[in-house]
Protein chains: 2
Amino acid sequence: MKSRILFSGLYILFFNIGLNAQQALWGAPEIVSPEIHENNTVTFCLLAPDADTVKITGDFLSTEKVNTPYGSMDAPGKALLEKDEKGVWSYTSEALDPELYNYSFIVDGLSISDPANVYKIRDVASVFDIFIIGGGKADNYLVKDVPHGTVTRRWYDSPGLDMKRRITIYTPPGYESGKDKYPVLYLLHGAGGDEEAWIALGRLSQIMDNLIAQGKAKPMIVVMPNGNVTQVAAPGEGLRGFYKPQFMEPRTMNGEYEAAFTDIIKFIEANYRVKTDKRNRAIAGLSMGGFHSLHISRYYPNTFDYVGLFSAAILPNKNVSSKIYENLDETLKTQKDNGYKLYWIGMGKTDFLYESGVEYRAKLDEIGMPYEYYESEGGHIWRNWRDYLVIFAPKLFQ
Amino acid sequence: MKSRILFSGLYILFFNIGLNAQQALWGAPEIVSPEIHENNTVTFCLLAPDADTVKITGDFLSTEKVNTPYGSMDAPGKALLEKDEKGVWSYTSEALDPELYNYSFIVDGLSISDPANVYKIRDVASVFDIFIIGGGKADNYLVKDVPHGTVTRRWYDSPGLDMKRRITIYTPPGYESGKDKYPVLYLLHGAGGDEEAWIALGRLSQIMDNLIAQGKAKPMIVVMPNGNVTQVAAPGEGLRGFYKPQFMEPRTMNGEYEAAFTDIIKFIEANYRVKTDKRNRAIAGLSMGGFHSLHISRYYPNTFDYVGLFSAAILPNKNVSSKIYENLDETLKTQKDNGYKLYWIGMGKTDFLYESGVEYRAKLDEIGMPYEYYESEGGHIWRNWRDYLVIFAPKLFQ
């Protein structure tokens, strides 16, 4: 046998990868996009010799006002790419602050994903290209040379919802090899999200690994359940197969999820080495998950010492009747009287839920229910929720 | 507080999702693509009013010959989409056999990902849209209403490579709640792959869940390590951050991986409830992973009772000198003399490694080393490797 049976990288590439690879094989320029430069400017490239105009849109560009049937709104800005003689379009950004950014190209009016970038995340039914400018706060989002926790996708039984459900669990470094018991943060997603959202969009495992390694957060287990009661698992991971995800699943804010939440706590406390008292339980969530956290924490008013409302939706639809949503003031008072360590509220200045947050805080003031309030720039966006997690997690279980 | 603080789905969608969503908001047609019909034809749609031609390419279309600098090769076929008055291009396939398929659009010569399909998989540096035609063998690839195993991504210490490495582990239904010990399949990826490949491209967890539920495969733990010794984790999951993945990492076929493989076995046997004898260990891999399986199984010639070579690369580069690759015949004879239950070889008729397989089987015949040989249609593709897994896994630990 001779070395002719060696791998031929090109050959395999061709067979497996097909058309994208052909370009690389047959002399077209090799595209690297995005390319992050040392000064934190970023160059985006697209090989599109036949295109007339190529633009980029993304959250690293200044927003622009657009008119919609719902009034004037802010939308991510756009920038034009320039074409070189080889048909490669490119654009270089200004120096960017540390952050996880997303973007898409617009080729002759068609919004497309960057074919040279394999790092994409799904938000509801859209897939975006992402990149990270490290340094500062964004160092929390990067995989660093620190001990790493474990991320597990498994299924649990929810008698309250009469189904088996998928759940994502982060266990901190040392959990598997040790004997210690750990506190638990239940971390909930927003509408359109699922048990993958905090891992993919929230960079949960990177953030926790880094905060724990720096001694900023206590080692804890983070439990990320699916908050859509009609969905056993994230799109593509359940019995419905591959379908187009929708923004709002049915019955997500009608009390069923809150009523069945003890299934999750019981599952975790029966299957993990966790501390099972109120002092060692936290619950937090973004948007709809903030709504769930608010109601779960007062419906089970002696269960959580730590509550986090990240850009929370506050009140249920007045057309929904569920006893879970009755007696709001009384149950909040009970929660207050039972005592807790932290009731943390984060909200962006331009969040469309901002005013509801003002009203809710007024109610808490009226009841005399203590809370910590953090107001950020920006609106109802993952950028803020990652920030809130980085602020909130270190306050837990101290 | 009024219900004005209710969720406004459209509003949130707009802020979070940006431009793709605008189309949906402002009266453009809602695109569902792909749409699988009851007769297993599939319609693909793209909203691109300004495009001149839109084609689709994918592995469900007949291949076509293309001329390359490397000679004439088969490439995935193409089909033209037709445009309607709203600017929606569409194409409906013939009725398709059960399979997991991939595709891309080509818009005026530019290869793009389907913006309406969130189900994508990465193969090396390319991202493809996928869909599954269920029924028949492809029912193994779907999430069914059966007990589900657990998929864990964690990090282990490899003293042999002097690094912490990421690894993916499937534990079968009942593992976490029971006390039984399980046999272990070590399942290796090919060049350009990593510890995510068998989960994403190989549908490993769905296949194992379904085979186990049908009683076809024994409950087993499947360990999917990273076979690139210079890469601690899959692209994006390690210290190198986000970079463009390449087909062949350095030092993957120079003996280092095989030499350090006991680190993985030790880690698994120290951390999981597994049976730790030869009868309960299997090793298999595709392409480069078949190469690794061949050499690991004879280098540790009394360790595995089951070996699977899926479209395996066979021999190392003659320029590589590693004692692992010395004495091929002698070590194979030792492996034979030590005995084993199954040495399984799968190969596609049009695989570019086909001839090397012929030569290797001649060598095994010469040595008198028993093996089972399965020859399939097709070449060096994931479709075959999923098939081989479905055939191979039921033969293990019986």
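Start by selecting B:Ile36 and B:Val42: in this predicted model, B:Val42 of β2(B) is the bridge partner of B:Ile36. Now widen the selection to the two strands around that pair. β1(B) and β2(B), the latter covering residues 42-47, are antiparallel and joined over two bridges. Add β8 and β7 of chain B and you have the whole open sheet, four strands in the order β1-β2-β8-β7, with antiparallel pairing. Colour β1 (35-36) and β7 (82-83) of chain B separately: these are the edge strands, each with a single partner, so one side of each has no neighbour in the sheet.

**A cis bond next door**

Step back to B:Ser33 and B:Pro34. The peptide bond between B:Ser33 and B:Pro34 is cis, with omega at about -5 degrees. B:Pro34 sits in the loop that runs between α2 (19-25) and β1 of chain B. Now hop over to chain A and pick A:Ser33 and A:Pro34. A cis peptide bond joins them too, again with omega at about -5 degrees. Here A:Pro34 belongs to the loop between α2 (19-25) and β1 (35-36) of chain A.

**While you're in chain A**

Colour chain A by pLDDT. The mean is 91, and 93% of the residues reach 70 or more. Then select residues 1-25 of chain A, where pLDDT is below 50; this stretch still has 55 contacts in the model beyond near neighbours in sequence. Where pLDDT is low, predicted coordinates should not be read in detail. For the model as a whole, ipTM is 0.94 and pTM is 0.94.

Switch to a cartoon view of chain A and you'll find ten helices and 20 strands. Its radius of gyration is 23 Å, close to the 21 Å that the globule rule gives for 398 residues, so chain A is as compact as a globular protein of that length. Put a box on the C-alpha atoms along the principal axes and the box comes out at roughly 70 × 65 × 40 Å. Of the 398 residues in chain A, 50% count as buried. If you draw a contact map and keep separations of 6 or more, 72% of those contacts in chain A link residues 24 or more positions apart.

**Into the core**

Next, show the largest nonpolar core, which has 200 residues. Which residues have the most contacts inside it? They are A:Val222, A:Val223, B:Val222 and B:Val223. Centre on B:Val222 and, skipping neighbours within four places in sequence, light up its contacts: B:Tyr170, B:Leu185, B:Leu187, B:Leu204 and B:Met208.

B:Leu185 is a handy stepping stone, since its bridge partner in β17(B) is B:Ala282. Select strand β17 of chain B, residues 281-286. Six of its six residues are buried, so the strand is largely enclosed by the rest of the structure. Turn on side chains: B:Arg281, B:Ile283 and B:Gly285 point one way, while B:Ala282, B:Ala284 and B:Leu286 point the other way.

Now bring in the flanking strands. Strand β15 of chain B (residues 184-188) runs parallel to β17(B), joined by five bridges. β17(B) is also joined to β18 of chain B (residues 306-310) by five bridges, again in parallel. For a residue pair to zoom in on, B:Ile283 stands opposite B:Val307 in β18(B). Add helix α7 (residues 288-299) of chain B, and with β17(B) and β18(B) you have a right-handed β-α-β unit.

**Two backbone oddities**

Follow chain B on to B:Asn327, in the loop between β18 and α8 (328-338). B:Asn327 is not a glycine, yet phi is positive at about 55 degrees. Is B:Asn327 buried or partly exposed? Partly exposed, with 13 other C-beta atoms within 10 Å.

Compare B:Val124, in the loop between β11 (120-123) and β12 (126-133) of chain B. Phi of B:Val124 is near 55 degrees, another positive value in a residue other than glycine. B:Val124 is buried, with 25 other C-beta atoms within 10 Å.

**Last stop**

Finish at B:Val390 in helix α10 (residues 382-392) of chain B. B:Val390 counts as partly exposed because 19 C-beta neighbours lie inside 10 Å, and a residue needs 20 or more to be buried. Beyond its neighbours within four places in sequence, show its contacts: B:Lys137, B:Asn140, B:Ile207 and B:Leu211. Then draw a C-alpha to C-alpha distance from B:Val390 to B:Ala217: the two are 173 residues apart in sequence and 9.0 Å apart in space.

Key
Residues are numbered from 1 along each chain as its sequence is written. Chains are lettered from A and ligands numbered from 1 in the order in which they are written. This is a predicted model: local features need pLDDT of at least 70, side-chain atom pairs count only at pLDDT 80 or more; totals for chains, interfaces and linings use all residues. A residue is buried if 20 or more other C-beta atoms lie within 10 Å of its own, exposed if 12 or fewer, and partly exposed in between; C-beta atoms are placed from the backbone. Two residues are in contact if their C-beta atoms, placed from the backbone, lie within 7 Å. pLDDT is the predictor's confidence in each residue, from 0 to 100. A nonpolar core is a set of buried Ala, Val, Leu, Ile, Met, Phe, Trp, Tyr and Cys residues joined through C-beta atoms within 7 Å. The radius of gyration is taken over C-alpha atoms; the globule rule is 2.2 Å times the number of residues to the power 0.38. Two strands pair if DSSP finds at least two bridges between them. A crossover is right-handed if, with the strands pointing away from the viewer, the path from the first strand over the helix to the second runs clockwise.
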